[in-house]
Amino acid sequence: MRIGYSCWGFLGEGITDTPDGGRSHRRPLIQALAARGHDLVFLQADRDRREAGDPAAGLGYTFDDHGFPVLDALVLEWRWPIPGRNTTVCGAAGHTCDLHRQKDIFAHYTLDQHLPTILWDKDRKLSADSHWRNARTVTVCEPSLIVTPGAQQLLFPADDQRLDDADPRALAALPRPITLAYAGNQYERDDAFTRYFAPAAAHVHHQVAGKWTDTGRWPGLRFTGRLAFSEVDPLYRRSLATVLLLPARYAAVGQMTQRIFETVLAGCLPLAPADIAHVQLFVPRPLIVRNSEEVLERITWLRSIEGTAEHGELIAACLDRLELFRLSTQADVLDRLLHQTGAAGSERARQAMA
């Protein structure tokens, strides 16, 4: 298939001042689709070249952010209105044209041409009653264990090669001077941060990296600002543990972000709040916590076994659970859905003309 791919993000490391979490998994997924014989055309701006000054990131791929090339299918990482950014007039200060372009893409390919369309709602911004959920050639995908009725599961993919190469004993042997770390932005995480992370962090050497603009509730904690994407893995390789902080709407449906494989592949053990749906599928039982007291208890225990065989076994158990996110599995799911959506749309079209 010739697939049009719409995303407002980067294939390479991008720029530091961006919340694009897709950098950890977007390029491997694109490469997996290409390896299956698909031809990819990117329908949004080449942000690697324009913003990051990195033309090599998109090397070998076609970008067309104004036209409407001939396609067989469409995949969109769903964009939503962000007041003051993509809802403003084109050319206004701070304007990004991702939402306008998405609207045009949808109108041309999905509405006019009835093209098979995968709408990947990675941020759970599509309302449950959205008319797109019932559109003839649209399949809505969600990266969660519990999906909205009618949607399909498509998890964030973890690269096969990195999973296969990870050595739990070698990871356990790394020096880890930081006891508790978190790399990610504040968005909708205040409650989880207050309940699980902050009180425990006050007692240990810690670091919180990312865009945290309102930190007055947690005096004395070490907020170090945004990291370049290339600095996230080294931070976790120096850190003993983290806490998987999720917005409540993610936790309720078991939507785990890419943070879990960013941390585990670096050997940084993820403590997971017990209120995450199906939490036992994400981490082994000893790493499930109910409050900050248990976080502190667990990191004290982890420090006591640091570098031992038990430490390596715990990392291995976390690596085993990353199989849920394996890239080849998720690429197979996407491949199957593209063909099913196309076949279903053709059948409905035939029935409508009968």
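**Figure 1. A buried salt bridge between K122 and E77.** In this predicted model, K122 and E77 are both buried. The two side chains form a salt bridge, and their closest N and O atoms are 3.2 Å apart. E77 belongs to strand β4 (residues 73-77), while K122 sits in the loop between β5 (117-120) and β6 (138-142), so the bridge ties together parts that are 45 residues apart in sequence. If you would like to go looking for others, a search of the whole structure finds 23 salt bridges.

**Figure 2. D160 and R326 meet across a long stretch of sequence.** Here the side chains of D160 and R326 form a salt bridge, at 3.3 Å from N to O. D160 lies in helix α4 (residues 160-165) and R326 in the loop between α11 (309-321) and α12 (327-353), so this pair ties together parts that are 166 residues apart in sequence. Are the two partners buried or exposed? D160 has 19% relative accessibility and therefore counts as buried, the cut-off being under 20%. R326, at 13%, counts as buried too.

**Figure 3. A salt bridge with one buried and one exposed partner.** E294 and R290 meet through their side chains in a salt bridge, with 2.5 Å between N and O. E294 is buried, at 9% relative accessibility, whereas R290 is exposed, with a relative accessible area of 55%. For a view of several bridges together, turn to D160, D164, E323 and R326: salt bridges that share partners join these residues into one network.

**Figure 4. F42 and Y61, an edge-to-face pair.** A pair of aromatic rings is described by the distance of the centres and the angle of the planes. The structure holds 17 aromatic pairs. One of them is formed by F42 and Y61, with 5.5 Å centre to centre and 85° between the planes, which is edge-to-face. This pair links distant parts of the chain: F42 is in strand β2 (residues 39-42), and Y61 is in the loop between α2 (47-50) and β3 (62-63), 19 residues apart. Both F42 and Y61 are buried.

**Figure 5. F193 and W212, a tilted pair, with a ring cluster.** How are the rings of F193 and W212 arranged? Their centres are 4.6 Å apart and their planes stand at 45°, so the pair is tilted. Distant parts of the chain are linked here, with F193 in helix α6 (residues 190-201) and W212 in the loop between β9 (206-209) and β10 (223-225), 19 residues apart. F193 and W212 are both buried. Widen the view and you will find a cluster, in which ring pairs link Y182, F193, F197, W212, W218 and F223.

**Figure 6. Two arginines placed over aromatic rings.** The charged end of R79 sits over the ring of W80, at 4.9 Å from the ring centre. In a second example, R101 lies over the face of F68, 5.0 Å from the centre of that ring.

**Figure 7. C268 and C318, two cysteines without a bond.** How many disulfides does a search of the whole structure find? The search finds zero. C268 shows why: its sulfur is 9.8 Å from the closest cysteine sulfur, in C318, and that is too far for a bond. For comparison, a disulfide needs the two sulfur atoms within 2.5 Å. Looking from the other side, the closest cysteine sulfur to that of C318 is the one in C268. C268 is buried, at 0% relative accessibility, and C318 is also buried, with a relative accessible area of 1%.

**Figure 8. An open sheet of six strands and its edge.** The strands pair in parallel, in the order β10-β9-β8-β11-β12-β13. Which strands are at the edges? They are β10 and β13 (288-289), and each pairs on one side only. Strand β12 (residues 269-273) runs parallel to β13, and two bridges join them. At this edge, A272 stands opposite I288 in β13.

**Figure 9. N291 in the loop after β13.** N291 is found in the loop between β13 and α10 (292-304). With a relative accessible area of 26%, N291 is partly exposed. Not counting residues up to four places away in sequence, N291 touches R195 and Y196. The C-alpha atoms of N291 and L319 are separated by 24 Å, and these residues are 28 residues apart along the chain.

Note on methods: Residues are numbered from 1 along each chain as its sequence is written. This is a predicted model: local features need pLDDT of at least 70, side-chain atom pairs count only at pLDDT 80 or more; totals for chains, interfaces and linings use all residues. Side-chain values use heavy atoms; hydrogens and water are left out. Buried means under 20% relative accessible area, exposed over 50%, partly exposed in between (1.4 Å probe, protein chains only). Rings of Phe, Tyr and Trp (its six-membered ring) pair if their centres lie within 6.5 Å; planes under 30 degrees apart count as stacked, over 60 as edge-to-face and the rest as tilted. Helices (H or I, at least four residues) and strands (E, at least two) are DSSP runs, numbered from the N terminus. A charge sits over a ring if NZ of Lys or CZ of Arg is within 6 Å of the ring centre and within 35 degrees of the ring normal. A salt bridge is a side-chain nitrogen of Lys or Arg within 4 Å of a carboxyl oxygen of Asp or Glu. Two strands pair if DSSP finds at least two bridges between them. Contact means heavy atoms within 4.5 Å.
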